[in-house]
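Visitor: I am new to reading structures, and I would like a close look at one single part. Could you take me through one residue and its surroundings with care?

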Amino acid sequence: FFKESFDAFNTQIEVEKKLEVVLKQRTNATDAQLQSIKDLTAEQQKNGIIGDEIQIAGAQQIATFVSQTSSVETLIPALNNLLAQQKGVNATQSDATNIANLAGKALQGQLGALTRVGISFTEAEGKILKFGTETERASILAQVITNNVGNMNEELAKTDAGKIKNLSNNFGDAQE
């Protein structure tokens with residue numbers, strides 16, 4: 001138990017530090033903005049199946065594509081839904097990083113990566129993703145993902161496997 005707790009704590013600290021470094025480098029994030037993102041991932045974990053350390057790994061990766069912390073906060077719930085849809089209760093930090101990379105490419109106007117995993121865009125949405133401001137692009141991308149996969153993170157938490165995963169995530173927090 002102590003070894004598992006130590007490992008869980010170290011994993012959490014590592015992903016949080018990576019997020020902090022990237023956010024401060026890319027967005028000049030304040031400690032309050034960083035805490036806001038961590039609070040959002042904790043809240044998302046309570047209501048879904050994606051653990052906060054997995055979300056933070058994805059948030060750190062999407063942060064490499066943006067210049068505003070608000071864009072990261074806008075995208076976290078949608079990335080969780082896509083991750084839940086693609087990987088279910090078995091999602092890993094690596095999976096979250098991969099999903100964030102797909103979303104990051106879409107933020108840069110490269111929509112093909114997301115269309116290959118089943119996310120469809122209207123012509124108008126595609127134009128916003130190619131030519132909009134960062135705030136507009138993050139907002140429309142979050143909406144497009146949600147329109148395609150729904151609130152999958154929360155919906156899977158209602159299944160038996162999801163309830164077990166949620167309990168496991170809460171136990172993991174206690175270990176951390």
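Guide: What follows begins with the whole chain and then turns to one residue, Ala100. Please keep in mind that this is a predicted model, and that what I describe is computed from it. The chain has 10 helices and zero strands, so that, read from the N terminus on, one α element follows another in the order α-α-α-α-α-α-α-α-α-α. The radius of gyration of the chain is 16 Å, close to the 16 Å that the globule rule gives for 176 residues, and therefore the chain is as compact as a globular protein of that length. Along its principal axes, the C-alpha trace spans about 50 × 40 × 20 Å, and buried residues make up 45% of the 176 residues.

Ala100 itself belongs to helix α5, which covers residues 93-107. Its relative accessible area is 0%, and because buried means under 20% on this scale, Ala100 counts as buried. Leaving aside residues up to four places away in sequence, Ala100 touches Gly58, Gln61, Ile62, Phe65 and Leu79. Thr64 offers a further point of reference, since Ala100 and Thr64 are 36 residues apart in sequence, while their C-alpha atoms lie 9.5 Å apart in space. For the chain as a whole, among contacts with a separation of 6 or more, 71% come from residues 24 or more positions apart. Turning finally to the outside, the chain exposes about 8700 Å², of which carbon and sulfur atoms supply 51%.

Methods. Residues numbered from 1 in each chain as written. Predicted model: local features only at pLDDT ≥ 70, side-chain atom pairs only at ≥ 80, totals over all residues. Heavy atoms only, no water. Helix = DSSP H or I, 4+ residues; strand = E, 2+ residues; numbered from the N terminus. Rg over C-alpha atoms; globule rule 2.2 N^0.38 Å. Buried < 20%, exposed > 50% of the residue type's maximum accessible area, 1.4 Å probe, protein only. Contact = heavy atoms within 4.5 Å. Areas by Shrake-Rupley, 256 points an atom, 1.4 Å probe, with all protein chains shown as cover.
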